[in-house]
Amino acid sequence: MRNQSNVGLPAIYASAKGGWHSHPSPIAGPLEVFEVNYLHYHDTLELGLCVQGHGICRVEDTEFPFGPGDAQVIFPFQRHLSKSVGPDSSHWYWLNLDPVTLLSAWNPAAAPGIEEAYFRQMGIYGIFSPSEQPRLAEQVSRIIRVDSGAEPLPEHRSDYLCANLYVLILELYRASIALPKLNLAPESRFLTLRPALNAIENGLSGGDMPSVSRLADLCGMSEATFRRAFHTSIGQAPGDYISACRLRRAQLALVFSEQSILEIALNAGFDDPSGFYRCFRHQCGMSPSTYRKLLRREKRRM
């Protein structure tokens, strides 16, 4: 089994800005190929459709098995991780979106009801199989296949997607009536940290990584208050979180780029190559070169 669940894994915030934010073709990783990975969470609704392979999707403390044809619904701020089980890696379509914003623009008259249902009445999430939840699985599949281009829709594409998203929210509401309700509103402490998290993400994408004091300034806090708030909300010290993000970036580059290990270490923000090797071996249990050989061999099997 790849990507063993580990309750001690850090959770990485992965923003998904904009309206419909999707992958245009099925992807087999990076989530499915890493021996060591990270729980992550978004500030958007995430829909998924498995088209190949089997595995486990962990959402918070619950694990859901999945296979071809199964659909996924993950709500904002739910920490989650997918992993393949068996000889073949799983292939997925994923779509991130803000349903309240999209549907409010599409049909303003429906906005209050949609907002109430989405933020206060949801209780079902995770993996939906066509055999056990056919209406939910079909609705997610319909949205993703049109959005990804797997099923072309030459005219009225936006209306079709929004209409089906509207039906999906109503189906989720219907399936949640007898269930305990989720709290989908972000914690206020997360909102205060969002400028720092966005700055860290921008730093990983090629910009300069801000210092902890700069991150504190962005959030309007003293450095000591920021460190306490960050650890309370994210579960790690700011420096440890940044190191985890950098290591994940290096893992991606080792498998999907032709850069040298030294280039990867520097591009990921590790100024000291020996420090990168120590950090990588401590986290992954192997050297970067061994990791690259192992995971590239796995990637060729996809």
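## Exercises on a predicted model

Glu138 and Arg142 both belong to helix H3 (residues 134–148), where four residues, about one turn of the helix, separate them. The structure is a predicted model.

**Exercise 1.** Find what joins Glu138 and Arg142, and classify each residue as buried, partly exposed or exposed.

Solution.
- Step 1: The closest N and O atoms of Glu138 and Arg142 are 3.1 Å apart. A salt bridge needs a nitrogen of Lys or Arg within 4 Å of a carboxyl oxygen of Asp or Glu, so the pair qualifies.
- Step 2: Glu138 has a relative accessible area of 40%, so this residue is partly exposed.
- Step 3: Arg142, at 25% relative accessibility, is partly exposed too.

**Exercise 2.** Describe the salt bridge of Glu171 with Arg174 and find which network the two belong to.

Solution.
- Step 1: In this salt bridge the closest N and O atoms lie 2.9 Å apart.
- Step 2: Glu171 and Arg174 are three residues apart in helix H4 (residues 157–176), which means about one helical turn between them.
- Step 3: Glu171 is buried at 12% relative accessibility, while Arg174 is partly exposed at 36%.
- Step 4: Arg135, Glu171 and Arg174 form one network through salt bridges that share partners.

**Exercise 3.** Locate the two partners of the salt bridge between Lys83 and Glu63.

Solution.
- Step 1: The side chains meet with an N to O distance of 3.4 Å.
- Step 2: Lys83 sits in strand S8 (residues 80–84) and Glu63 in strand S6 (residues 62–66); the pair is 20 residues apart and links distant parts of the chain.
- Step 3: Lys83 is buried at 3% relative accessibility, whereas Glu63 is partly exposed at 41%.

**Exercise 4.** Check whether the ends of helix H8 (residues 238–256) are as far apart as expected.

Solution.
- Step 1: H8 has 19 residues. The expected span is 1.5 Å times one less than the number of residues, which gives 27 Å for this helix.
- Step 2: The end C-alpha atoms are 27 Å apart, so the two values agree.
- Step 3: The buried residues of H8 include Tyr241, Cys245, Ala253 and Leu254.

**Exercise 5.** Determine what surrounds Arg292 in helix H11 (residues 288–300).

Solution.
- Step 1: Arg292 is buried and has no salt bridge. The nearest side chain of opposite charge, Glu258, is 6.0 Å away, and the cut-off is 4 Å, so the pair does not count.
- Step 2: The Arg292 side chain does reach the backbone oxygen of Gln259, at 2.8 Å.
- Step 3: Beyond its neighbours within four places in sequence, Arg292 has contacts that include Ala253 and Leu254, both among the buried residues of H8.

Terms used: Residues are numbered from 1 along each chain as its sequence is written. This is a predicted model: local features need pLDDT of at least 70, side-chain atom pairs count only at pLDDT 80 or more; totals for chains, interfaces and linings use all residues. Side-chain values use heavy atoms; hydrogens and water are left out. Buried means under 20% relative accessible area, exposed over 50%, partly exposed in between (1.4 Å probe, protein chains only). Lys and Arg count as positive and Asp and Glu as negative; His and the chain ends are not counted. A polar contact is a pair of N or O atoms within 3.5 Å; within protein, one must be able to donate a hydrogen and the other to accept it, and residues adjacent in sequence count only if both atoms are side-chain atoms. Contact means heavy atoms within 4.5 Å. Helices (H or I, at least four residues) and strands (E, at least two) are DSSP runs, numbered from the N terminus.
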